[in-house]
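Hello,

Here is the structure I promised to pass on to you. Please open it beside this email and follow along as you read.

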Amino acid sequence: MTDDGPASPYEPDELGRQDGVGVQDEFLRLWTPHRMAYIEGENKPTSSAAGSGCPFCRLPSMPDSEALIVHRGEAAYAVLNLYPYNPGHLMVVPYRHVADYTELTDAEVADVAALTQQAMQAVRTVSGAHGFNIGMNQGEVAGAGIAAHLHQHVVPRWAGDTNFMPAIAHTKVLPQLLSDTRALLAKSWP
């Protein structure tokens, strides 16, 4: 800010304040209202039964582009996470509604493993990920958002991807629409 006004057209004339945000300070806030859908449990099933209440049971009946399905295997499919931790965050989901990893058939275990490897290859091709977090949260107490239908997370990571935004602002900046990410990954699937 200069004495003659903003130094750039992107800098506000003055820092705004909003009541109700806690201690008043000089920080600008990046609002992410779309996160409220996740916080309020949108699309989260109300029961543990298979069927239309479970999004992982419903998605395979939808067109891939609408469901954000990147690839379909024999016993499982890969789908983008609606509430991603990082760009390209996929989940590998068995078609069968099953909660526990020990309940998977040998064919399901093999397909989940193969699709996880393929997801890593596709994400590396598209975005050059430096590494991955891969895992399952088994049960609500372990952090599973939808505990009744097993799903494995494949989260791409880059050096420096945990910067001030998530550490200080508890916000992730995603540079691409999910539909565009889905199209790129589907095109690059091995």
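**What I found**

Please keep in mind that this is a predicted model. I will begin with the sheet, then move to a helix that crosses it, and end with two charged residues.

**The sheet**

Five strands make an open sheet, and their order is β1-β2-β3-β5-β4, with antiparallel pairing. At the edges sit β1 (69-72) and β4, each of which pairs on one side only. On average, neighbouring strands of this sheet are turned by 20 degrees against each other, direction ignored. As general background, strands of a sheet pair through backbone hydrogen bonds, in either a parallel or an antiparallel way.

Now try tracing the pairs in your viewer. Strand β2 (residues 76-80) pairs with β3 in the antiparallel sense over 5 bridges. To find this pairing, look for A76, which stands opposite P94 in β3. On to the next pair: β3 and strand β5 (residues 152-157) run antiparallel and are joined by 3 bridges. Here L90 has V154 of β5 as its bridge partner, M91 stands opposite H153 in β5, and V92 is partnered by Q152 of β5. Lastly, 5 bridges join β5 to strand β4 (residues 131-135), and these two strands also run antiparallel. In this pair, N133 stands opposite V155 in β5.

**How covered are the strands?**

Why is strand β3 (residues 90-94) described as largely enclosed by the rest of the structure? The reason is that 5 of its 5 residues are buried. Both faces of β3 are covered, with buried L90, V92 and P94 on one side and buried M91 and V93 on the other. That split fits a general pattern: in a regular strand, side chains alternate between the two faces of the sheet. Strand β5 is mostly covered too, with 5 of its 6 residues buried.

**A helix across the sheet**

Which strands does α4 lie across? The helix α4 lies across β1, β2, β3, β4 and β5, and runs at about 20 degrees to β5.

**Two charged residues to look at**

The first is E108, which you will find in helix α4 (residues 106-127). Is E108 buried or exposed? E108 counts as buried because its relative accessibility is 7%, and the cut-off for buried is under 20%. A polar atom of the E108 side chain lies 2.8 Å from the backbone nitrogen of T105. Apart from neighbours within four places in sequence, E108 is in contact with A75, R96 and E103.

The second is R182, in helix α6 (residues 178-188). R182 is buried yet has no salt bridge. Its nearest side chain of opposite charge is D64, at 5.1 Å. A salt bridge needs the charged atoms to be within 4 Å. The side chain of R182 does have a polar atom 3.0 Å from the backbone oxygen of I69. Not counting residues up to four places away in sequence, R182 touches D64, S65, L68, I69, V70 and L80.

If you would like a place to start, pick β3 and follow its pairing with β2, then its pairing with β5. After that, turn to E108 in α4 and R182 in α6.

Happy exploring, and do write back with any questions!

Best wishes

Key: Residues numbered from 1 in each chain as written. Predicted model: local features only at pLDDT ≥ 70, side-chain atom pairs only at ≥ 80, totals over all residues. Heavy atoms only, no water. Helix = DSSP H or I, 4+ residues; strand = E, 2+ residues; numbered from the N terminus. Buried < 20%, exposed > 50% of the residue type's maximum accessible area, 1.4 Å probe, protein only. Lys, Arg positive; Asp, Glu negative; His and termini not counted. Polar contact = N/O pair within 3.5 Å; in protein donor to acceptor, adjacent residues only side chain to side chain. Contact = heavy atoms within 4.5 Å. Pairing = 2+ DSSP bridges. Axes fitted to C-alpha atoms, helices over the stretch in contact; angles between N-to-C directions.
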